[in-house]
Amino acid sequence: MDKPGIPRPTLSRLPLYHRFLAQVSEAGRAVVSSEEMGRALNLPAAQIRKDLSCLAEFGRPGVGYEVAELLANLEEFLGLANDKEAVVVGAGRLGQALASYPGFAAYGLRIVALFDVDPAKIGLEVAERPVFALEKLADLVGRLHIQMGIITVPAAAAQAVADAMVAAGITVIWNFAPARVGVPAGIWLESEDLASHLATLSYHIKRRGRKA
Ligand code: NAD
């Protein structure tokens with residue numbers, strides 16, 4: 001469950017702090033200051049201190065944060081230490097790429113199966129995960145108590161897939177289709193609109209003009 005009252009912008013910055021701390025921890029550092037974190041992440045140190053105070057009282061003025069303690073608390077708070085199983089619906093280019101990506105393991109995410117409606121895809125394996133027919137979704141999600149669904153179908157199919165996920169018992173959806181998807185209260189939906197980010201980049205390329 002979300003800690004009540006934690007603002008969404010704060011929540012969106014916590015993974016940045018986690019990644020930075022994991023790096024400094026790997027480098028063998030024991031203590032880090034909010035100023036150093038701020039310089040590395042291009043954020044005001046006061047903002048970082050305020051964000052981290054939402055978790056608990058960390059850090060000693062003039063000394064900084066204990067890297068291991070803060071890292072463990074962020075992992076616990078974000079649930080990164082828990083294994084999360086997920087299914088991908090849409091075993092096309094993006095669905096296959098996500099299912100094959102080893103980096104999600106660092107976040108505790110394990111994609112257990114893919115689903116599709118295309119008979120040519122059903123029965124295939126992607127990175128040793130099976131591709132099942134969409135009709136099997138509710139059965140697998142129910143049996144394995146899977147909480148997370150990843151949508152990688154064309155935009156026109158995204159709402160129906162989200163509805164099927166919710167009906168199956170999925171409570172957290174990561175949507176990659178460029179479609180406005182509605183979900184009932186209590187379901188967490190995170191949409192990655194890569195096309196709109198690309199449009200923003202395109203605008204910045206145009207604004208900066210072509211360099212000779
Ligand atoms: P794709 O055509 O390669 O794959 C889509 C898959 O979804 C196909 O296997 C298709 O059979 C399956 N599908 C269609 N309707 C379905 C349904 N109702 N239930 C289950 N499966 C269904 O497409 P893609 O390139 O992988 O893109 C997938 C989605 O991700 C699209 O919405 C696309 O706009 C978005 N997206 C893709 C990329 C990318 O880099 N490929 C980038 C950004 C966004």
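This is a short chat about helix 2 and two pockets in a predicted model.

Visitor: Start with helix 2. Which of its residues are buried?
Guide: Ser 34, Met 37 and Gly 38. The helix spans residues 34–41.

Visitor: Where do they sit around the axis?
Guide: On the same side of helix 2, because they cover an arc of only 100°.

Visitor: And what covers them?
Guide: The cover includes helix 1 (8–26) and helix 3 (45–53). Strand 1 (31–32) and strand 2 (65–66) are also part of it.

Visitor: What happens just after the helix?
Guide: Asn 42 takes a positive phi there, of about 60°.

Visitor: Switching to pockets. How much space lies in the largest one?
Guide: About 1800 Å³. It is lined by 37 residues. Nearest its centre are Leu 78, Lys 84, Val 172, Trp 188 and Glu 190.

Visitor: Which element gives the largest share of that lining?
Guide: Helix 1, with six residues. Helix 4 (67–78), strand 3 (84–89), strand 8 (172–175) and strand 9 (188–191) each supply at least two.

Visitor: Which domains does the lining draw on?
Guide: Domain 1 (8–78) and domain 2 (84–196), with at least three residues from each.

Visitor: How does the lining divide by class?
Guide: Into 19 nonpolar, eight polar and ten charged residues.

Visitor: What volume has the second largest pocket?
Guide: About 350 Å³. Of its 19 lining residues, Gly 90, Gly 92, Thr 152, Val 153 and Pro 154 are closest to the centre. Helix 5 (93–100), strand 4 (109–116) and helix 7 (155–168) each give two or more residues to the lining.

Visitor: And its lining by class?
Guide: 13 nonpolar, three polar and three charged.

Terms used: Residues are numbered from 1 along each chain as its sequence is written. This is a predicted model: local features need pLDDT of at least 70, side-chain atom pairs count only at pLDDT 80 or more; totals for chains, interfaces and linings use all residues. Side-chain values use heavy atoms; hydrogens and water are left out. Buried means under 20% relative accessible area, exposed over 50%, partly exposed in between (1.4 Å probe, protein chains only). Helices (H or I, at least four residues) and strands (E, at least two) are DSSP runs, numbered from the N terminus. The arc is that of the directions from the helix axis to the C-beta atoms. Contact means heavy atoms within 4.5 Å. On a 1 Å grid over the protein atoms alone, a cavity is a set of points where a 1.4 Å probe fits but cannot get out, and a pocket is an open set with protein on both sides within 12 Å along at least five of seven lines; lining residues have an atom within 4 Å of a point. Grid points are joined across faces, edges and corners, and a volume is the space filled by probe spheres set on the points. Ala, Val, Leu, Ile, Met, Phe, Trp, Tyr, Cys and Pro count as nonpolar, Asp, Glu, Lys and Arg as charged, and the others, Gly among them, as polar. Domain bounds come from an automatic or database domain assignment.
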